[in-house]
Amino acid sequence: MKLWLLLGFLLVHEALEEVTGQQPPKNKRPKEPGENRIKPTNKKVKPKIPKMKDRDAADVTPKTQSIMVHMLDKGRFQKPAATLSLTAGQTLELRCKGNKIEWSYPAFLDTFKDSRLSLKQQERYGQLTLVNSTAADTGEFSCWGQLCHGYLCRRDETKSGSTYIFFTEKGELFVPSPSYFDVVYLNPDRQAVVPCRVTVLSAKVTLHREFPAKEIPANGTDIVYDVKRGFVYLQPHSDHQGVVYCKAEAGGKSQISVKYQLLYVEVPRGPPSTTILAPSNKVRSGDDIRVLCTVLGEPDVEVEFRWIYPGQKEERPVTIQDSWRLIHRGLGHTTRISQSIMTIEDFETTDVGYYICTAQNLQGATTVATTVEFS
């Protein structure tokens, strides 16, 4: 009997081992047919918070892509730094990637349509080349891409490049000026600049008053020095007027700039202040008449005149003469008087009616009128 019990126990033990070897791991059960399908669940999932970069990506203005490269010797190219120093006489070649590139460069190169400068547009880039460079070429060189739809184009703010280049030349610490004496107008509502720009980045530049002779400190509050612009008067006032000049020192050498007359402006900015006047509003037949249109304005603001007159449709011959001059009213106060004079000879019936003058500047336009009749 004991033998049978022992044999039975062994058989049960072997059966249990076989079953154990086929069972799934703990905490799992055999899958039923079709159970691989995803089933809905009510399990709460913590929402994923995007990283700061992901959240702000849509709000960030597209970064500007620099598209300018500077050609070095042996055909090597390099992205230019914010400022470059080159020796006068060197050839400058800049390239900007894009199939429609616009350029900006120092105004001196446009003064006489300088043949030393050439701009070319290739299939994939624009190219600026300047040969026989001089100290006077010192300044900002920049480029930008154009976005065009048909004939309409606008500037692509995301694709641009710029660099300020100092062309060093022996004996020229200051960027040469076209004159020996220049006028700077001081207006209380905008900055004024004494353009003492240098050709050597490391040059020490100071500002001086001619009379009484003294150095004018650039204290960072009223006056600051910007190597790309010159001495900037942040809030000009009448006490700043007078004759000034700059002094530069570099490499053991010094140089004096041209002189600048600082004039305080008393006329505020705005559309032209215009008047029109005929010597008489009643004219006899056969007489000559002169109609005068006058504008009082800022010394450095140009004014354009346009006329409408009775004999215009009949192409009546008239003479129009435009001119301007500065009036100094003491204490450095200066006003610009711009005038346009229309002259008509041998007054006749065709000339009777309204004479209309429109004066325009960058701030707007003003129209005035007067009538002329037979006496």
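Let us start at one residue: Arg-116 sits in the loop that runs between helix 3 (108-111) and strand 7 (117-121). The model is a predicted one, and this arginine is a good place to enter it.

Is Arg-116 buried or exposed? Its relative accessible area is 15%, and because buried means under 20%, Arg-116 counts as buried. Its side chain has a partner there: a polar contact of 2.9 Å joins it to the side chain of Asp-137. Asp-137 also appears among the residues that Arg-116 contacts beyond four places in sequence, a list that includes Phe-108, Leu-109, Thr-129, Leu-130 and Val-131.

**The chain as a whole**

Stepping back, the chain has three helices and 27 strands. It is made of 375 residues, and 34% of them are buried. Among contacts with a separation of 6 or more, 67% are between residues 24 or more positions apart. The chain exposes about 25200 Å², with carbon and sulfur atoms supplying 53% of that area.

**Rings and charges**

The structure holds four aromatic pairs. Two of them are set out here.

| Pair | Arrangement | Centre to centre | Angle between planes |
|---|---|---|---|
| Phe-141 and Phe-167 | edge-to-face | 6.4 Å | 75° |
| Phe-347 and Phe-374 | edge-to-face | 5.3 Å | 80° |

Phe-141 belongs to strand 9 (residues 139-149) and Phe-167 to strand 10 (residues 152-168), so their pairing ties together parts of the chain 26 residues apart in sequence. Both of these phenylalanines are buried.

The pair of Phe-347 and Phe-374 links distant parts of the chain, 27 residues apart. Phe-347 is in the loop between strand 25 (333-344) and strand 26 (353-361), while Phe-374 is in strand 27 (residues 364-374). Their surroundings can be told apart by accessibility: Phe-347 is buried at 1%, whereas Phe-374 is partly exposed at 32%.

Arginines also meet rings in this model. Arg-155 lies over the face of Trp-144, 4.1 Å from the ring centre. Likewise, the charged end of Arg-336 is found over the ring of Trp-324, at 3.8 Å from its centre.

**Two nonpolar cores**

In soluble globular proteins, nonpolar side chains tend to be buried together. Which residues touch the most other members of the largest nonpolar core? They are Val-194 and Tyr-233, in a core of 23 residues. Several strands give two or more residues to this core, including strand 11 (181-186), strand 12 (192-194), strand 13 (204-209) and strand 16 (230-233). Strand 17 gives the most, with four residues.

Val-194 touches, beyond four places in sequence, a set of residues that includes Leu-207, Phe-231, Tyr-233, Val-244, Cys-246, Tyr-260 and Leu-262. Apart from this core lies another one, of 19 residues, with Ile-276, Val-291, Met-342 and Val-372 among them.

**A glutamine that reaches along the chain**

The last stop is Gln-255, in strand 18 (residues 253-256). Gln-255 is partly exposed, with a relative accessible area of 21%. What separates the C-alpha atoms of Gln-255 and Glu-172? The distance is 7.9 Å, although the two residues are 83 residues apart along the chain.

Glu-172 is also one of the residues in contact with Gln-255, as are Gly-171, Leu-173 and Phe-174. Cys-246, Lys-247 and Ala-248 are in contact with Gln-255 too. With Leu-173 there is a further detail: a polar atom of the Gln-255 side chain lies 2.6 Å from the backbone nitrogen of Leu-173.

How values were computed: Residues numbered from 1 in each chain as written. Predicted model: local features only at pLDDT ≥ 70, side-chain atom pairs only at ≥ 80, totals over all residues. Heavy atoms only, no water. Buried < 20%, exposed > 50% of the residue type's maximum accessible area, 1.4 Å probe, protein only. Polar contact = N/O pair within 3.5 Å; in protein donor to acceptor, adjacent residues only side chain to side chain. Contact = heavy atoms within 4.5 Å. Areas by Shrake-Rupley, 256 points an atom, 1.4 Å probe, with all protein chains shown as cover. Phe/Tyr/Trp six-rings, centres within 6.5 Å; stacked < 30°, edge-to-face > 60°. Lys NZ or Arg CZ within 6 Å of the ring centre and 35° of its normal. Core = buried A, V, L, I, M, F, W, Y, C linked by side-chain atoms within 4.5 Å.
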